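Work through the exercises below with the sequence and the model open. Each task is followed by a solution in steps.

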Amino acid sequence: MNTAIERKIAVIFATDVVGYSKHIESDENATIKNLRACESLLKDLFEKYKARLFNTGGDSFFGEFESAVAAVECAVEFQNAIKRRNKTAGATVKLEFRIGINVGDVIKEKGNLLGDGVNIAARLESLAQASGISISKGIFEYVSSKTKLSFADQGIQKVKSNQFHVYDVILDPKQKRKLRPQSGLKKLSMFGLAVLILISSAAITYFSIFFNNEEINSATDISDIRPKILILPFESQSSEKNFGSEQANLSVSINNTLSDLNTDMKFIDSIEAQLLIEEKLPYKELAANNDIRYVVTGTVQNSEEFIRVQYRVVEAVSSETIFREQYDFRIEENMIVVKEQLAMFLMKGLSRYISSKQHVFKYTNDPKTYFDLIKIDKAILKSTVESVTYAGQLLQRNLASAPNDPHVLQLAAFHTFASTSLGLVDDPTLEINKAINYLSHGIQFVDQADSIYLYLFAGKSIYQAILQKFDLACSIIPDLKQYENRIYDDHLSQFDFGLLYQVCSSNGSSQDQFEQGLLHMERSLELRPSAFNAKYLAYGYAYLTFQYGVDSGKLESLWMSEKSKRYHNDVMALPTISALLAYSYEKKKQNKLAAQTLEMSNGIGRKYTANSPFSDYPAFQNKKFLADIGNVLKPLGLSD
């Protein structure tokens with residue numbers, strides 16, 4: 001008889017009915033009839049998403065999914081389906097569900113699944129709001145970069161014997177909440193008590209919940225969701241006498257180079273890394289206790305003629321090797337150059353294999369230029385006067401040293417756009433023509449099949465549109481469409497495709513094309529969160545309200561999302577998004593909400609004025625829309 005316990009990693013979906021006992025007491029037959037209808041909806045969705053229903057218990061259901069993304073998408077679709085059903089005449093009892101989703105180790109027992117992986121999914125479900133979805137940190141890490149959903153970090157929560165990190169999936173702005181972390185102080189502060197009293201007051205408005213709670217909770221919102229990477233000391237495998245400390249300490253030098261960069265990956269600095277190394281924790285514990293996503297290990301060998309460096313990148317939670325590489329350097333090479341090259345190779349490898357968010361500057365092979373480009377890209381996207389000025393200084397140096405590098409040229413063009421938008425140039429027309437020349441020059445040095453070619457190609461047309469040459473700019477779209485499937489993980493190409501589609505249909509010619517542009521811009525923002533991208537996406541959402549009467553729901557979600565991102569600058573994005581949200585509210589006759597939102601906009605960062613839309617979006621064809629923003633908001637207090 002085989003008594004071995006069969007274990008595996010599984011994505012677990014748990015749901016039950018809110019207030020089921022009260023529904024049963026009120027009308028047992030009607031409740032059961034409606035529950036069966038909801039169960040049928042759930043089973044259909046499980047079949048659609050290739051999930052297995054492995055346990056039921058009256059009003060509760062447990063499913064096993066092969067994919068974390070599929071589980072979350074199924075949960076969202078189920079909650080939306082229940083909301084639609086509850087609006088129909090057939091919903092004689094309007095049932096609401098809570099959903100919890102976890103990924104973890106489970107035991108397979110006669111078709112059923114048991115263990116902590118299932119228990120935590122059930123605990124997450126108990127923490128979820130009515131009609132809400134709560135997920136574990138593991139699920140969040142899998143889905144946050146692969147969906148367009150918004151999330152709210154609820155911190156560490158403890159239910160019974162289980163302690164875990166919780167995130168809410170935000171389906172509706174009204175669901176925005178903040179659970180008190182269970183690992184913190186036991187007693188409520190006077191401030192926290194006052195907040196609870198305010199929230200429970202019947203007089204509080206939707207606006208104060210939506211915005212004032214944001215202010216209260218801003219200190220504990222997500223501040224850094226980048227994957228954390230720990231570089232361990234490389235093992236010395238040489239007995240050569242000339243194997244010095246510089247060679248032996250390569251990993252420390254590489255780590256210092258990368259941890260100083262502000263990229264879409266967070267390299268643990270050498271001090272914190274040393275503390276973690278001394279603890280000698282297994283990879284799985286590094287992941288669970290210290291939020292480490294990836295570990296880099298390596299070896300260094302030395303002979304009389306060359307140095308050989310081998311390293312591998314391991315996913316901490318599974319201990320699986322993501323990729324490995326090997327490089328040889330002659331012994332006489334400058335060790336400073338060797339360290340920079342190795343840091344660049346590691347960064348490029350990580351960018352290709354584990355992070356679609358970090359743009360790979362594949363045509364750049366000089367480490368100094370490569371790391372400058374990362375800094376320039378980040379500085380432009382931060383979109384402040386100081387950051388864009390700094391980017392310009394770095395660009396001048398690199399245009400002189402690498403005048404034919406297509407990545408330098410693409411960022412030089414991008415920089416003119418940011419500089420013009422911020423009013424940092426004396427002659428905008430001259431700058432835009434300069435950008436067109438940069439892009440035309442860069443096209444000569446890239447493969448037509450690469451996404452950077454498409455960026456240069458589309459970008460050139462955008463700058464032509466800024467010069468009001470719309471026929472010329474938009475004539476390339478039929479040719480451009482055939483390349484769309486190549487740019488999924490390239491944030492710059494996504495942004496430029498999106499912007500070009502918006503610009504070319506901003507005369508009301510095609511709502512479908514305009515919305516296709518928004519999808520590209522949403523993807524760009526997902527790949528590279530930035531104030532710059534968020535601002536232009538907000539204009540797109542506001543235009544849908546102006547031109548087609550679309551509600552302000554996406555603008556609300558964008559505002560909430562940007563407000564939570566303390567790691568990127570809000571000087572540019574938040575005033576614009578707040579003002580455009582106020583504009584959309586006013587267009588929908590939500591006057592009080594509009595006035596309160598505009599007041600908030602006036603108190604954030606760079607002040608938004610009636611002239612801002614024209615300087616922000618010079619390529620937008622519909623000038624009536626740009627003027628309407630100022631005309632609508634000036635009576636509410638917008639300055640000229």
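**Exercise 1. Cysteines**

Task: Classify Cys38 and Cys74 as buried or exposed.

Solution. This is a predicted model, and the values are computed from it. The cut-off for buried is under 20% relative accessible area. Cys38 has a relative accessibility of 1%, so Cys38 is buried. Cys74 comes out at 0%, so Cys74 is buried too.

Task: Find how many disulfides the structure holds, and say which parts of the chain are tied together.

Solution. Step one: search the whole structure; one disulfide turns up. Step two: identify the partners. They are Cys474 and Cys504, with their sulfur atoms 2.0 Å apart. Step three: place them. Cys474 sits in helix α18 (residues 470–474) and Cys504 in helix α20 (residues 491–504), so the link joins parts 30 residues apart in sequence. Step four: take the handedness. The angle about the S-S bond is -95°, a left-handed link. Step five: check exposure. Cys474 and Cys504 are both buried.

**Exercise 2. One face of a helix**

Task: Decide where the buried residues of α16 lie around its axis.

Solution. Start with the geometry. Helix α16 spans residues 428–443, 16 residues in total. From first C-alpha to last, α16 reaches 23 Å, close to the 22 Å expected at 1.5 Å a residue. Next, list the buried positions of α16: Glu431, Ile432, Ala435, Ile436, Tyr438, Leu439 and Gly442. They cover an arc of only 160° around the axis, so they lie on the same side of α16. Now turn to the other side of α16, where Leu430 and Asn437 are exposed. Last, ask what covers the buried residues of α16. The cover includes α14 (385–401), α15 (406–421) and α17 (451–466).

**Exercise 3. Nonpolar cores**

Task: Describe the largest nonpolar core and name the helix that gives the most to it.

Solution. The largest nonpolar core has 129 residues. Those with the most contacts inside this core are Leu258, Leu346, Tyr463, Leu499, Phe625 and Leu633. Helix α22 (residues 531–548) gives the most to this core, with twelve residues. Take Leu499 as a case. Leaving aside neighbours within four places in sequence, Leu499 is in contact with Phe417, Ile462, Met521, Tyr536 and Tyr617. There is also a second, separate core of 38 residues; among its members are Phe13, Ala51, Ile135 and Phe140.

**Exercise 4. Aromatic pairs**

Task: Count the aromatic pairs, then classify the pair of Phe54 and Phe62.

Solution. The count comes to 29 aromatic pairs. For Phe54 and Phe62, the centres are 6.1 Å apart and the planes make an angle of 45°. Stacked needs under 30 degrees and edge-to-face over 60. This pair is therefore tilted. Both Phe54 and Phe62 are buried.

**Exercise 5. A partly exposed residue**

Task: Locate Glu285 and classify its exposure.

Solution. Glu285 is in helix α11 (residues 283–290). Its relative accessible area is 36%, so Glu285 counts as partly exposed. The C-alpha atoms of Glu285 and Ala316 are 8.2 Å apart, with the two positions 31 residues apart along the chain.

**Exercise 6. The whole protein**

Task: Give the overall figures for the protein.

Solution. The protein has 27 helices and 14 strands. Of its 640 residues, 55% count as buried. Among contacts with a separation of 6 or more, 68% come from residues 24 or more positions apart.

How values were computed
Residues numbered from 1 in each chain as written. Predicted model: local features only at pLDDT ≥ 70, side-chain atom pairs only at ≥ 80, totals over all residues. Heavy atoms only, no water. Helix = DSSP H or I, 4+ residues; strand = E, 2+ residues; numbered from the N terminus. Buried < 20%, exposed > 50% of the residue type's maximum accessible area, 1.4 Å probe, protein only. Disulfide = S-S within 2.5 Å. Phe/Tyr/Trp six-rings, centres within 6.5 Å; stacked < 30°, edge-to-face > 60°. Core = buried A, V, L, I, M, F, W, Y, C linked by side-chain atoms within 4.5 Å. Contact = heavy atoms within 4.5 Å. Expected span 1.5 Å × (residues − 1). Arc of directions from axis to C-beta.
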